[in-house]
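Biologist: I would like to learn how to read sheets, cavities and helix crossings from a set of coordinates. Could we work through one example together?

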Amino acid sequence: MIGTGLYTDDVKAKIADISRGLNHGIAVIVAIMVAISLYIAWHGTVAERQRSQAEEALRRSETRYRSLTENIPDIIARVDIDCRVLYVNAAVEPVLGMASSDIIGKTIREVGVDDGTCEFAEKSVRCVFETGNSTEAEFEYPGVNGPIIFYWTLVPETDDRGETKSVLVTCRDITEHRRSEENYRMLFTRMLSGFALHEIVRDGSGKPIDYRFLAVNPAFESMLHMSADSVVGRTLREVMPGVEGYWIETYGQIATTGDPCHFEHYSSELGKHFEVVAFPVKPGQFACIFADITDRHRSEQELERLLKAISAKNEELESIIYVASHDLRSPLVNIEGYSREVESSFDELKEILRDVEVNCGLREQLRVLLEEDIPQSLDFITSSSSRMDVLLRGLLRLSRVGRESLKIKRLDMNGILRDVKHDMQYQIRESGAEVEIGVLPDCMADVSQVRQVFTNLLDNAIKYLDDDRKGVIRISGEIQDDMALYCVADNGIGIAEPFLTKVFSEFHRLAPDSPVKGEGLGLTIVRRIVERLEGRVWVESQEGVGSSFYVMLPLADRKFS
C-alpha cells in the first residue's frame, strides 16, 4: 500500500483475519443473546406456573375458610370503624331474621339492631381501632325469640404498615351455658341436701391427712350449724379437731382412686347419722352430697324393735292357738261322748215310758219333751260339737303353717302340679271338670308348702264350679321380672265384688249356707304360706263367670332372704 510500507496482499489478509474475528464474536454474542432469551422464557413459564399454583392454593384456602365460617355455629364478621359489616357468615341469620347477604355493606344500625347494643358495639369497635388491642366481653341481646347472652371477641386486622383497617368479630351464644350455671346456683343454694366441695391435703409422702373446705351450700350450714365463713378455706381438723379419722380415710380413698362412693356413717363429733354420696371432681378435689338421717335411723331402730316384738307376739299367739286348739279338743271329745250317752239313755227312757199309763195331760207334756225339746237339744249339741271340731282342726292347721321350718330349693312346678292333679283325681272325676296345666316356670320355695297351696286352690275351684255348665280349670304360668307368676282360673260361680277383699280372711266362706263343706281357712292358709315364701296372692273374679287366683313366688335361682 502506498505510504504505509505494507503490501496490498498483506492488507487484504489482515482485513480477512479481522473479519473472521468479528464474525466469531458476533456468533458468540448471538448465542449468548439466544441463551438469555431462552432462560427468560423458561423463567417466565416457571414463574407463571408458580403464580398459578399460588392462586389455586389461595382459592382453596379461601374455599376452606368460607366453608369453615359458613358452617360454624358462632357468628363470624368483619367490620370497619363505623360498624359497617364487611363480611358476616350465615350464623347471624336466625339472630337478626335476615339473610347474611342483605347485611353485608350496612351498618348495624341500618340492619335494625337496638340502640343499646349499637352503642355498646360502636364503643368497643372504636376502642380496638384506637388502641390496636383485642378485647372481649359478655352482653345480652334482645333476640327475636327471646334474650340471648353472647360472648364476643374483637381482634384488630392490620395492613402492611400495622394500621388497623378492620376488626374481626367472633360472637358465641352462651345462653344455655349461663342458664345451666344459674340452675346450678339455684340448686346449690336451695337443695335440701348438704353439699360441700373439698380439696385433699397430703403429707410429704402423698398420704391424705386432711381436707380443706372450698365451698358449702346453705343446707350444709343449717344441717351442721356451721357458717360458710367459718369453714371455707379451713381444713376439717381445724374446724373439728376431735373428728374421727374415718372421714379423712374415706374421702382420701375417693380422691386417690377417683371412684365414687355411697355410704352411711355416724359422726360422734356431731352426734348425727349421715348418708353420703361422694365423688371426685378433678385431681385432688372431691365433692359430697349428704343428708342427716338421724331421725330415720332412730325410726328404723324403733321399727326393727317393734317388728321383733310383733314376731315374738305372733310366735306366742301361734303357740297359744296351737295349745288352745289342741287342749280344747279333750273337753270336746267328752261333750261328744256324753251326748251319745244321753242320746242312748233317752232312747231307753222312751221305751220305759211307752208302757207307763199316764193321764192325757201328762202324756202330752211327755210327748213334747221326748219328741221335740230333747231331740232338738241333742241335735244342737251334736252339730255344734261337730262344728267346733272342724274349727279346732282348722286352727291347728293354721298354727302349723307358721311353725313349720322351710326348706327352700328350686322346684319343678310342672311335676308338682301333675302330682297334685293325680292326688285329686277322685274329686276331679266326681265333679266332671276338665283340668288343664300349661308350661310352668320353676320357682324357689318349700315343696310341701307349695303343694298345699295349689291343693287348696284346686280344691276350692272344684268346690265352687257352676252346676249349669261343664267345669274347666286352667293352671298357667309366666315370668315377670324376677318372680314366677301362676294362675288357677275356673269358670265357676265367681265372687261378688264386695267379697273379693274378704276371701283370704279367717273363717270366711263364700257361700255359708251351701252344702260345700269346710271351715273357711283354706284361702287363709294359702295367704299365710305364700307370704312366708316372700310372694303374693290375689284374686280376680266376676260373679257368674268365674275366678282367677294368682300366686307370685320368687323365680328359680333368685336369692331367697
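**Reading sheets, cavities and a helix crossing**

Modeller: Let us begin with a pair of strands, bearing in mind that this is a predicted model. Strands E8 and E9, the latter covering residues 272–282, pair in the antiparallel sense over seven bridges.

Biologist: What holds such strands together in general, and which residue in E9 is the bridge partner of Phe-263?

Modeller: As a general idea, strands of a sheet pair through backbone hydrogen bonds, either parallel or antiparallel. In this structure Phe-263 has Val-276 as its bridge partner in E9, and His-265 is matched in E9 with Phe-274. The hairpin of E8 and E9 has four residues between the strands, and there Gly-271 takes a positive phi near 70°.

Biologist: In what order do the strands lie in the sheet that contains E8 and E9, and which are the edge strands?

Modeller: The order is E7-E6-E10-E9-E8, an open sheet of five strands with antiparallel pairing. Its edges are strand E7 (208–216) and strand E8 (261–267), each of which pairs on one side only. From one strand to the next, the twist averages 35°.

Biologist: What is the order of the open sheet with mixed pairing?

Modeller: That sheet of five strands runs in the order E12-E14-E15-E17-E16. Strand E12 (434–437) and strand E16 (536–542) are the edge strands here, each pairing on one side only, and neighbouring strands are turned by 15° against each other on average, when direction is ignored. Although the pairing of the sheet is mixed, E16 and strand E17 (residues 546–554) run antiparallel and are joined by seven bridges; within this pair, Trp-538 has Tyr-550 in E17 as its bridge partner.

Biologist: Turning to internal space, how many cavities of 30 Å³ or more does a search of the whole structure find?

Modeller: The search finds two, and the largest cavity holds about 410 Å³ of space. Its lining consists of 22 residues, and those nearest the centre are Ile-75, Val-92, Ile-108, Val-113 and Trp-152. Among the elements that each supply at least two residues of this lining are strand E1 (75–79), helix H4 (115–131) and strand E4 (146–158).

Biologist: How do the residues of that lining divide into nonpolar, polar and charged?

Modeller: The lining of the largest cavity has 21 nonpolar residues, one polar and no charged.

Biologist: And what is the volume of the second largest cavity?

Modeller: The second largest cavity has a volume of about 220 Å³, and of the 18 residues that line it, Tyr-211, Leu-224, Met-240, Trp-247 and Tyr-251 are the closest to its centre. Several elements each supply at least two residues of this lining, including E7 and E9 as well as helix H6 (218–224) and helix H9 (246–257). By class, this lining has 16 nonpolar, two polar and no charged residues.

Biologist: For my last feature, at roughly what angle do the axes of helix H12 and helix H14 cross?

Modeller: The axes of helix H12 (residues 413–423) and helix H14 (residues 447–463) come within 10 Å and cross at roughly 50°. Angles under 35 degrees count as roughly parallel and those from 65 to 115 as roughly perpendicular, and H12 and H14 are therefore oblique to each other.

Biologist: Is the crossing of H12 and H14 left-handed or right-handed?

Modeller: The crossing of H12 and H14 is right-handed.

Definitions and conventions. Residues are numbered from 1 along each chain as its sequence is written. This is a predicted model: local features need pLDDT of at least 70, side-chain atom pairs count only at pLDDT 80 or more; totals for chains, interfaces and linings use all residues. Side-chain values use heavy atoms; hydrogens and water are left out. Two strands pair if DSSP finds at least two bridges between them. Axes are lines fitted to C-alpha atoms, for helices over the stretch in contact, and angles run from 0 to 180 degrees between N-to-C directions. On a 1 Å grid over the protein atoms alone, a cavity is a set of points where a 1.4 Å probe fits but cannot get out, and a pocket is an open set with protein on both sides within 12 Å along at least five of seven lines; lining residues have an atom within 4 Å of a point. Grid points are joined across faces, edges and corners, and a volume is the space filled by probe spheres set on the points. Ala, Val, Leu, Ile, Met, Phe, Trp, Tyr, Cys and Pro count as nonpolar, Asp, Glu, Lys and Arg as charged, and the others, Gly among them, as polar. Angles under 35 degrees count as roughly parallel, over 145 as roughly antiparallel, 65 to 115 as roughly perpendicular and the rest as oblique. A crossing is left-handed if the near helix is turned anticlockwise from the far one by less than a right angle, and right-handed if clockwise.
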